[in-house]
Every structure is written in C-alpha cells, then in structure tokens.
Amino acid sequence: MTVPASPWPRPPACLPHARLNEPPEGARICVAGLVLVRQRPGTAKGVIFLTLEDETGVSNIVVWQNVYERFRRAVISGRLLRVTGRIQRESGVVHVVAEHVEDISALLDRLTQPEGLA
C-alpha cells in the first residue's frame, strides 16, 4: 500500500512545527508555513510577531527590528515564509527568533497544479 503524497509544498530542510519541542534551546533551525498573523504592537519597541502554520501545527516567530529591516518585503507581503532562526523557550512557549526570512509564496502554485505536475 502506498501513501499518497501530501499536497502541502514542503520546503527542503524545514522542521515541521509539531517537532519544535525537539531541538535544544538556542538551536538554529528552519521552519516554513503560511502566515496566519502579523502583529506589531506599539509596546513591542519595533518587534514583529508572526504566526506561521504548516500541516502539523503553528509556530511563533519573533522578528527583531534589525532583521525586519533586512527582510522587510518578505515579512510584510509574504504569504508563505521560510524562517531560519534560533529556538527560544519561555514559560512553556516555543518561539523561533528570526535571523533570515524568505518569501517562498511561489511554492503555493504547486497546490493548484493537477496531480503529477507538481
């Protein structure tokens, strides 16, 4: 019996969100997902918070001001992002502190292609 391939466009070398509890604190990892939420609270001193979703769950991304300035276009307009950063755990919540943000929204086109062409 063969398992059908997931239609989700899995970017290479990205950790599924359900496995974010596995790497040690401070480990450098890569995650990818659809942007659910972008928040820039006035009290956060320029920090942007992103919530990304993949087929296994959600992840919380922290984008500091200097990283935002380097990857502004991706952070603001990307629908599907790949984020490389470091794992941070605080009060039972896992965050990825972004170091590099890449807009990979073009992979979403694979979802609309007929099976076998992706």
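## Strands, a surface patch and two cysteines

In this model, I87 finds its bridge partner in strand β5, at V96. Keep in mind as you read that the model is predicted.

Residue V96 is a good place to start, since I61 also has V96 of β5 as its bridge partner. The strands behind these two contacts run in contrasting senses. Strand β3 (residues 57-63) is parallel to strand β5 (residues 93-103), and three bridges link them. Strand β4 (residues 80-90), on the other hand, is antiparallel to β5, with ten bridges between the two.

How many residues lie between β4 and β5 in their hairpin? There are two, and S91 in the turn has a positive phi of about 55 degrees.

From β4 we can move on to β1. These two strands pair in the antiparallel sense through seven bridges, and L34 is found opposite L80 of β4. Strand β1 is also joined to strand β2 (residues 48-54), again antiparallel, by five bridges. Here V37 has T51 in β2 as its bridge partner.

The pairings can be set side by side:

| Strand pair | Sense | Bridges |
|---|---|---|
| β3 and β5 | parallel | three bridges |
| β4 and β5 | antiparallel | ten bridges |
| β1 and β4 | antiparallel | seven bridges |
| β1 and β2 | antiparallel | five bridges |

Now for the surface. V37 belongs to strand β1 (residues 28-39), and besides its pairing with T51 in β2, V37 helps to form a nonpolar surface patch together with L36 and V58. The patch covers about 230 Å². Is V37 buried or partly exposed? V37 counts as partly exposed because its relative accessibility is 33%.

Finally, a look at the cysteines, which may matter to you at the bench. A disulfide is a covalent bond between the sulfur atoms of two cysteines. How many disulfides does the model have? The count is zero. Why is C14 without a bond? The closest cysteine sulfur, in C30, lies 3.2 Å from the sulfur of C14, so the gap is too far for a bond, given that a disulfide needs the two sulfur atoms within 2.5 Å. Seen from the other side, C30 takes part in no disulfide either, with the sulfur of C14 as its nearest cysteine sulfur at 3.2 Å.

Both residues can be placed by their accessibility too. C14 is buried, because its relative accessible area is 9%, and C30 also counts as buried, because its relative accessibility is 13%.

Note on methods. Residues are numbered from 1 along each chain as its sequence is written. This is a predicted model: local features need pLDDT of at least 70, side-chain atom pairs count only at pLDDT 80 or more; totals for chains, interfaces and linings use all residues. Side-chain values use heavy atoms; hydrogens and water are left out. Patches are made of residues with over 30% relative accessible area and no salt bridge: like charges are joined within 9 Å, nonpolar side chains (Val, Leu, Ile, Met, Phe, Trp, Tyr) within 5 Å. Accessible areas come from the Shrake-Rupley method with a 1.4 Å probe; for residues, only the protein chains shown count as cover. A salt bridge is a side-chain nitrogen of Lys or Arg within 4 Å of a carboxyl oxygen of Asp or Glu. Helices (H or I, at least four residues) and strands (E, at least two) are DSSP runs, numbered from the N terminus. Buried means under 20% relative accessible area, exposed over 50%, partly exposed in between (1.4 Å probe, protein chains only). Two strands pair if DSSP finds at least two bridges between them.
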